[in-house]
Number of protein chains: 2
Amino acid sequence: MELRHLHYAVAVAEELHFGRAADRLHVAQPSLSRQVRQLEHDLGVELFKRTSRRVELTPAGAAFVHAARRTLAAASDSRVAAVQAASGVRGRATLGFVASAAVEVLPRVVAVHRAERPLVQLSLREMTTEEQVPQLLDGEIDVGLGRDLEPTDDLQVQTLQREPLLAAVPHDHVLRHRRRIRLAELERSPFVTLPRDRVPRAWDKLLVMSRAAGLTPHFAQEANQFVTLLALVAAGLGVAIVPDSVRTLRHEHVHYLRLNDPGAWSEVTVAVRAGETQPVARDLHRLVSAAATAPPPRAT
Amino acid sequence: MELRHLHYAVAVAEELHFGRAADRLHVAQPSLSRQVRQLEHDLGVELFKRTSRRVELTPAGAAFVHAARRTLAAASDSRVAAVQAASGVRGRATLGFVASAAVEVLPRVVAVHRAERPLVQLSLREMTTEEQVPQLLDGEIDVGLGRDLEPTDDLQVQTLQREPLLAAVPHDHVLRHRRRIRLAELERSPFVTLPRDRVPRAWDKLLVMSRAAGLTPHFAQEANQFVTLLALVAAGLGVAIVPDSVRTLRHEHVHYLRLNDPGAWSEVTVAVRAGETQPVARDLHRLVSAAATAPPPRAT
DNA sequence: TTGATCGATACGCTTGGAGCATCGATTCCA
DNA sequence: TGGAATCGATGCTCCAAGCGTATCGATCAA
């Protein structure tokens, strides 16, 4: 039994006439008759009652043709599924992202992706920029949304937006009425930070800036998430250095002060394997880049 | 694209090895390689990434194989559906029945049929015995459950059970305390009946019996259903002659008296086209016969 | 009775799927 | 580092089988 036999049986069932069915199938009538007969022999079942004047379906024929239509539809779906998957219309894509990008960029990316590629299932995995690099190379994730990542031979990296760094201070901090400060002015304040082993490059940047400002930072406490970090600031345990977009997480007892130090910037970057060929990954990369730049960044 | 290609692609996807897949399919490895390649060319899509050391699925290949499995299952279902329909395990059967058989025989038939042929959809059509004959010959119904039908060349008829005829009389009728009466004793009572044009043979039998009893019947009222008929009796409009099984329809104000006249019997008959070949019809006929005789008839 | 219609059959051609032998690339191991 | 083993691809040949043309036989209408 081949798909050809199913096509033939369905055509005969629809025309109830071997000649017309053969025309529709662009084959000669004897070929059609032979193939249908062969199908019946293979099944061991009579599908059509034929006289030289009339063709009609047997109950078995009706049951078979019904199922055959479903089979042919499934075969057609198989073809479509393959083509769509190859073109990137259908499939699965995995996006790694840092927590600080989840606030602003990520929701826009998800919305745009769902609108443009409704058949592509988007998996989201929160992870640090450092974790993204090996997972990109292993194929664990297709695109990485991180911070301050430098391109390499294996990774293509673009900057999406450049944000100033802010100091998040408690509402009773002495500098709370200032709009802009310099890091050196925080000499008396301990820092609350994300864990050093999870975000080593953010730590390094803070250390470099501190040294440039002639400051020896005192680290009071670590927190795993930004929300917790801000709660610690609000509780008066110290100050935190965060990128501008974290401001979206408004907190009643936290004030944000812009840092004027040189290098007090953080870039949101998007990374993809260099020479990526998979359409779902290329599409996701394209949409992430577009979604980040399309709406104008908030005024600072 | 043929089912062969789908089988081949699925096998390669499962083995991820052309040699082993070819063994499993009982073909030579070069044939398998060529067919898979031909499938890819037909689809315009690469399904497998192959080196001389490793074979892996592309995303398009994974999508295709998933759909191909469903297609192959549908093809297998088509075969099964045809065989089952031909053997009578699956299909549709239509049973015509008279209202007076609906009370006792029909529920048993439906229950047994559902248990023995769960995949055969049983259609039930209430109709008179007279209507069953042409509909059997036209194929509108497969089996007819009627009364007092005589076999012909075209119809095979069996008797399922033989019931005495009863007179249904109102609760204040003068004969109400009798167990058995003769039709002649109803001379003073008008008759309520089913419509003459719907059940001509039942009418004829009543007329023949009346003549034999020296009775000139007076017809008071017609009703389309037994329930209505009994309601008319209960209301005192007259008496009705009904087969024994109608007694199952108990009615508070109706008494049943057995008729002692010769020929005061009615037979429940089952009819099927002579030489019927369709298994669903033959099965239904067999089950109707069995269901009617299996439980012992009620004592009268 | 005759002609038209329609599915089945006969026959020869051609396609294409299969097997065998072999190639080229890659990997493993000594 | 070189040789052997593994594995998919390719070239060649064979033949099964699908197809088309011509025709038959049965049925039905005029």
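## Two protein chains and two DNA strands

Helices α2(A) and α3(A) pack at an angle of about 105°, their axes lying 8 Å apart. That makes α2(A) roughly perpendicular to α3(A), since angles of 65 to 115 degrees count as roughly perpendicular. On the α2(A) side, the contact is made by A:Phe18, A:Gly19, A:Ala21, A:Ala22 and A:Leu25, and α3(A) answers with A:Gln29, A:Leu32 and A:Ser33. Five of these residues are nonpolar, three are polar and none is charged. Please keep in mind, as you look around, that this is a predicted model.

### How the helices of chain A pack

Helix α1(A) is another partner of α3(A): the two pack at an angle of about 110°, with axes 9 Å apart. So α1(A) is roughly perpendicular to α3(A). Here α1(A) brings A:Arg4, A:His5, A:Tyr8, A:Ala9 and A:Val12, while α3(A) brings A:Leu32, A:Gln35, A:Val36 and A:Leu39. By class, this contact has six nonpolar, two polar and one charged residues.

Helix α1 (residues 3-15) also packs against α4 (residues 59-87) within chain A, at an angle of about 125° and with 9 Å between the axes. These two helices are therefore oblique to each other, and α1(A) passes α4(A) in a left-handed crossing. From α1(A), the contact takes in A:Leu3, A:Leu6, A:His7, A:Ala9, A:Val10 and A:Ala13. From α4(A) come A:Gly61, A:Phe64, A:Val65, A:Ala68, A:Arg69, A:Thr71, A:Leu72 and A:Ala75. In this contact, 10 residues are nonpolar, three are polar and one is charged.

Here are the three pairs side by side.

| Helix pair | Angle | Distance between axes |
|---|---|---|
| α2(A) and α3(A) | about 105° | 8 Å |
| α1(A) and α3(A) | about 110° | 9 Å |
| α1(A) and α4(A) | about 125° | 9 Å |

### Where the two chains meet

Now let us bring in the second chain. 30 residues of chain B are in contact with 30 residues of chain A. Three elements of chain B each supply at least two residues of the side that touches chain A: α1 (3-15), α4 (59-87) and β3 (90-97). The largest share of that side, 18 residues, comes from α4(B). By class, the side of chain B that touches chain A has 19 nonpolar, five polar and six charged residues.

How are the two copies related? A rotation of 179° with 0.1 Å of shift along its axis superposes chain B on chain A, with an RMSD of 0.3 Å. That is the relation of a two-fold axis. The same surface serves both copies, as 100% of the contact residues of chain B recur in chain A.

### Around the DNA

Both chains also come up beside the DNA. Which residues come closest to DNA strand C? Of the 20 residues that surround strand C, the closest are A:Phe18, A:Pro30, A:Ser33, B:Ala28 and B:Pro30. The surface near this strand draws at least two residues from each of α2 (18-25) and α3 of chain A and α3 of chain B. Its residues divide into six nonpolar, 10 polar and four charged.

DNA strand D has 21 residues around it, and A:Ala28, A:Pro30, B:Phe18, B:Pro30 and B:Ser33 come nearest. Here α3 (29-43) of chain A, together with α2 (18-25) and α3 (29-43) of chain B, each supply at least two residues of the surface. By class, the surface near strand D has six nonpolar, 10 polar and five charged residues.

Notes
Residues numbered from 1 in each chain as written. Chains lettered and ligands numbered in written order. Predicted model: local features only at pLDDT ≥ 70, side-chain atom pairs only at ≥ 80, totals over all residues. Contact = placed C-beta atoms within 7 Å. Helix = DSSP H or I, 4+ residues; strand = E, 2+ residues; numbered from the N terminus. Nonpolar A, V, L, I, M, F, W, Y, C, P; charged D, E, K, R; others polar. Near = placed C-beta within 6 Å. Axes fitted to C-alpha atoms, helices over the stretch in contact; angles between N-to-C directions. Parallel < 35°, antiparallel > 145°, perpendicular 65-115°, else oblique. Left-handed = near helix turned anticlockwise from the far one by under 90°. Least-squares fit on C-alpha atoms with pLDDT ≥ 70 in both.
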